[in-house]
Amino acid sequence: MEGPEKSGSTLAGLKAVSLLTLVSRITGLARDALMASLFGTGWVLDAFTVAFRVPNMFRRLFGEGAVTAALLPEFVAVDQTHGRQAAADLFAEVAYRLIRILGTTILAIEAVLLLAWLFGNLTERNQVLCELAILMMPYAVLICIAATLSAGLNAVQHFVIPALVPVALNIVWLIGGLLAAWLIDVDVHEARTIAVCILLGGIVQLLLSQAWARRFGLRIRWRPSPDADADSAERATAVFRAMMPVLLGLSIMQINTLVDSALAWLLVPETSGLKAESLRHFRLPEGCASALYLGQRLFQFPMGVFGIALSTVLFPRFARHAREGDTQLLTRDILHGLQLVTVVGIPASAGLCFMAEPITSLLFRHGQFSAADAILTSRMIAAHGVGVWIFCALLIVNRVFYATGDRHTPMRQGLTCVGMNLVFSFALIPLCGGPALALASVIATLFQLGLALEVLRRRAYLSRCRRHLSAILWRSLPGTALMTAAGMGTLAWLDQSESVGDDIVSRGLLVAGPMAVAVAVYLVTLVVGGVSPKRLLREPFGSD
């Protein structure tokens, strides 16, 4: 294992992960554009997105969430004190137990879905939803094992393959979608075909991550090992004990997403049959679940390229500094992460808000995706866009808690936000319609971020950060305001130009032009304010 790194060396990992995550997000947007073109925001795509939520939730909880948060600090500790072989034994034991738990859980869910499909009195729409869920549920096991392997690779400071694993699914999904569009004419049959392709994509992801993990001595064990030592079993038990509060804390965030999707499906009268006059203010239009999904996908673009990449690279450093008791370096890395979130996340939020409509038209207005679909989706993108910086900051802050061994604070804070999300959803739906689901999640997450930062402040992790955070904030906010004004002005000028039509080139110009102007204005504003973006990537602003 490498020794402690200097703060600036974080950048090499961040650049690699960000670049490869960018490739992943671009291929992901291509697959979403294909899905929108094939189905529009009709009920078939609604059913598909809701069905995909469950295995995707398992991926985020077990694969990328709780396992990584609980396993990585213990792996680093064992690697440093007992050597790589002991750490690899721990990894194998954790992976084997996870396979057993996931396999049993998914089999139970599949049995319930199959019984509902065979004997339940389901409407056509709910029957298709059930079929798609049955087809895609095994993907949860495949991707969780692949993500566990990725967590092991991150623990040994290898970030490339974990960042490439999502690209494999996107490519298989794209190929399957194109073949379905070419060979099949019925929407429901196309959706079933793509669901099968997702399973194939999961197999490819597992094989890719497994082949690379073996180079670092990390192996998946599929059956009990008579040679497993007691120390590995005991450490694995400790990891699973640590995982439970993390799992509950992360479940809260995923449950919020799942609840939003379920409401978007159930509050459509044609789907649920709920046509009572007393509920008329809470009815949502058909296609709301699809628009919610597409809005989240666009919101996840800056989240993945920057927020998740940054937290992925910083987490092993947090764990190492916490283990060594080096509070000064830990505080410095926290400051660095929050400053980068401020400088990148806030303008990204503003950009998604004012660019939501032209981005939607460029990416999704093809095939069966109508102008009405574009309006609903752009509103979802703008609502989600408000929260880019909030979710990025919470990713960093929660990993500080996990790295320092505090797995209960994010859980307790998250529990307070579940009810808030529901309350805000039902309070805002009569006012905002479908986008209320996104806005409610953003507001609840902002409240959770405030609670988390207050805890870090009381623990003195932010005591030396406040002045430097304020300094960077007051340079970022004016730049964001000027950037927004310049971008909106450019967009309005291009939109009124007679040379700009409704073809794909013109739509591209309406996106590229304002974005280029906005980015240039923001960078100039930062430099005038004394912030060097290149230097900020190497070290915190105002550091001694």
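Contact here means heavy atoms within 4.5 Å, and the legends that follow describe close-up views of a predicted model.

**View 1. The whole chain, built from 19 helices and zero strands.** Of the 544 residues in this predicted chain, 57% count as buried. The chain exposes about 22,300 Å², and carbon and sulfur atoms supply 65% of that area. Among contacts between residues at least 6 apart in sequence, 83% join residues that are at least 24 apart.

**View 2. Trp173 and the largest nonpolar core.** This core has 149 residues, and those with the most contacts inside it are Phe48, Leu132 and Trp173. Helix α10, which covers residues 288-324, gives the most to the core, with 15 residues. Leaving aside residues up to four places away in sequence, Trp173 touches Arg31, Met35, Phe48, Phe52, Ile194, Ile198 and Tyr293. Phe48 thus appears both among the residues with the most contacts inside the core and among the contacts of Trp173.

**View 3. Arg31, Asp32 and Arg297, linked in a network of salt bridges.** Asp32 forms a salt bridge with Arg31, in which the closest N and O atoms are 3.5 Å apart. Asp32 has a relative accessible area of 0% and is therefore buried, and Arg31, with a relative accessible area of 5%, is buried as well. Arg31 is also one of the residues that Trp173 touches, which connects this view with the preceding one. A search of the whole structure finds nine salt bridges, and two further examples are shown in the next two views.

**View 4. The salt bridge between Asp333 and Arg317.** The side chains of these two residues meet at 3.2 Å, N to O. Asp333 lies in helix α11 and Arg317 in helix α10, so the pair ties together parts that are 16 residues apart in sequence. Asp333 is buried, and so is Arg317.

**View 5. Helix α16 and the salt bridge between Arg457 and Glu454.** The closest N and O atoms of Arg457 and Glu454 are 2.7 Å apart, and both residues lie in helix α16 (residues 435-458), three residues apart, about one turn of the helix. An α-helix has 3.6 residues a turn, so residues three or four places apart point the same way. Arg457 is partly exposed, with a relative accessible area of 37%, and Glu454, at 31% relative accessibility, also counts as partly exposed. At 1.5 Å a residue, the 24 residues of α16 should span 34 Å, and the end C-alpha atoms of the helix are 35 Å apart, which agrees. Just after α16, Ala460 takes a positive phi of about 75 degrees.

**View 6. Helix α17 and the helices that its buried residues pack against.** Helix α17 (residues 466-496) has 31 residues and reaches 45 Å from its first C-alpha to its last, close to the 45 Å expected at 1.5 Å a residue. The buried residues of α17 are His468, Leu469, Ile472, Ser476, Gly479, Thr480, Met483, Thr484, Gly487, Thr490, Leu491 and Leu494. These buried residues pack against α11 (327-354), α12 (356-364), α18 and α19 (533-538).

**View 7. Thr525 and Ala512, two residues of helix α18.** Thr525 is found in helix α18, which covers residues 504-528, and is buried, with a relative accessible area of 17%. Not counting residues up to four places away in sequence, Thr525 touches Pro478, Gly479 and Leu482; of these, Gly479 is listed among the buried residues of α17. Ala512, which is also found in helix α18, is partly exposed, with a relative accessible area of 46%. The C-alpha atoms of Ala512 and Ile359 are separated by 9.5 Å, although the two residues are 153 residues apart along the chain.

**View 8. Two buried cysteines, Cys130 and Cys288.** Cys130 is buried, with a relative accessible area of 7%, and Cys288, at 0% relative accessibility, counts as buried too. A disulfide is a covalent bond between the sulfur atoms of two cysteines. With a disulfide taken as a pair of cysteine sulfur atoms within 2.5 Å, the count for the structure comes to zero.

Methods
Residues are numbered from 1 along each chain as its sequence is written. This is a predicted model: local features need pLDDT of at least 70, side-chain atom pairs count only at pLDDT 80 or more; totals for chains, interfaces and linings use all residues. Side-chain values use heavy atoms; hydrogens and water are left out. Helices (H or I, at least four residues) and strands (E, at least two) are DSSP runs, numbered from the N terminus. Buried means under 20% relative accessible area, exposed over 50%, partly exposed in between (1.4 Å probe, protein chains only). A nonpolar core is a set of buried Ala, Val, Leu, Ile, Met, Phe, Trp, Tyr and Cys residues joined through side-chain atoms within 4.5 Å. The expected span of a helix is 1.5 Å times one less than its number of residues. A salt bridge is a side-chain nitrogen of Lys or Arg within 4 Å of a carboxyl oxygen of Asp or Glu. Accessible areas come from the Shrake-Rupley method with a 1.4 Å probe; for residues, only the protein chains shown count as cover.
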